[in-house]
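Please look over the protein shown here before reading on. A few questions about its build follow, each with a short answer.

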Amino acid sequence: MSARRPPTPFTAAWRRRLLRIWVVLGLVACLRLGLAEASAAALPVAALPSREITEYEVKAAYLLRFTRHIEWPAGAFATPSSPIIIGVLGRSPIDQALTRTVQGVTSQGRPVEFRPLGDLAEAKACHLVLVGRGHEREEAAWFRELSRLPVVTVADSFEGLARGAVLSLYMEERSGGARVVFGASLPAARAAGVQLSAAMLPSARHIIREPAGKKEPS
């Protein structure tokens, strides 16, 4: 009888493989929840197993789908055909994926545009603004500056929601991997004068329902 082999430890290659699997599962979950249907042409489900889907392709799909579940005040658009503008403030690996995802796509009858942003002033002309990682020091001030405008701010971290973002995209760790999920802050949405749809919220992994300092109902 041969000796029983010890369990094989997870190597770095295995960890990367598991991360890819969970990222794909995050996109599949996004599709099943209807959060990426508009990007289906760019990311066909049938093609998912044949190539590596990146974390930021999933996040780009989320951003696009968010635009379908947000009601902005009428004054947020110059004309009925004005585009919904998604901006990215700070350096982020999402730029290329977002460019591909929104190309030729409409949302709520409006074209969707992506703009890399040079500074906070440019962010004020956008409807959805993602703040890239590595800006933790500035993030709270940026969210505060945009909080009274009809701009849906999105943090690229779980912690960004507590810093004042309306939405956050982050990787949820699970045994052996991680997947992309999102959180929402209803007080931040109310302050910005935007409405997050009831169809969107059940998909959120974490929701802030009351302003900081108030006890949330159990």
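The questions below go from the whole chain to single residues.

Q: What kind of model is this, and how are residues numbered?
A: This is a predicted model, in which local features need pLDDT of at least 70 and side-chain atom pairs count only at pLDDT 80 or more, while totals for chains, interfaces and linings use all residues. Side-chain values use heavy atoms, with hydrogens and water left out, and residues are numbered from 1 along each chain as its sequence is written.

Q: How many helices and strands are there in the protein?
A: Helices (H or I, at least four residues) and strands (E, at least two) are DSSP runs, numbered from the N terminus. By that rule the protein has seven helices and ten strands.

Q: In what order do the eight strands of the open sheet lie, and which stand at the edges?
A: Two strands pair if DSSP finds at least two bridges between them. The pairing in this sheet is mixed, and the order is β3-β4-β2-β5-β6-β7-β8-β10. Each edge strand has a single partner strand, so one side of it is left without a neighbour in the sheet; these strands are β3 (106-107) and β10 (206-208).

Q: What is the handedness of the crossover from β5 to β6?
A: Strand β5 (residues 128-131) runs parallel to β6, joined to it by four bridges. Between them the chain passes through helix α5 (residues 136-146). A crossover is called right-handed if, with the strands pointing away from the viewer, the path from the first strand over the helix to the second runs clockwise. This β-α-β crossover is right-handed.

Q: Which residue of β7 stands opposite Ala-155?
A: β6 pairs with strand β7 (residues 167-174) in the parallel sense, over two bridges. On its other side, in β5, Val-131 has Ala-155 as its bridge partner. In β7, the residue opposite Ala-155 is Ser-168.

Q: Which residue of β8 is the bridge partner of Glu-173?
A: Strand β8 (residues 177-185) runs antiparallel to β7, and eight bridges join the two. The partner of Glu-173 is Ala-178.

Q: Which helix gives the most residues to the largest nonpolar core?
A: A nonpolar core is a set of buried Ala, Val, Leu, Ile, Met, Phe, Trp, Tyr and Cys residues joined through side-chain atoms within 4.5 Å. The largest has 44 residues, and Phe-66 is one of those that touch the most other members. Seven of the residues come from helix α2 (residues 55-66).

Q: Are the buried residues of α3 on the same side or on opposite sides?
A: Buried means under 20% relative accessible area, exposed over 50%, partly exposed in between (1.4 Å probe, protein chains only). In helix α3 (residues 94-102) the buried residues are Ile-94, Ala-97, Leu-98, Thr-101 and Val-102. Because they cover an arc of only 115 degrees around the axis (taken from the directions from the helix axis to the C-beta atoms), they lie on the same side.

Q: Is Gly-87 buried or exposed, and which residues does it touch?
A: Gly-87 lies in strand β2, and its 0% relative accessibility means that it counts as buried. Contact means heavy atoms within 4.5 Å. Not counting residues up to four places away in sequence, Gly-87 touches Arg-115, Leu-117, Cys-126, Leu-128, Val-129 and Leu-130.
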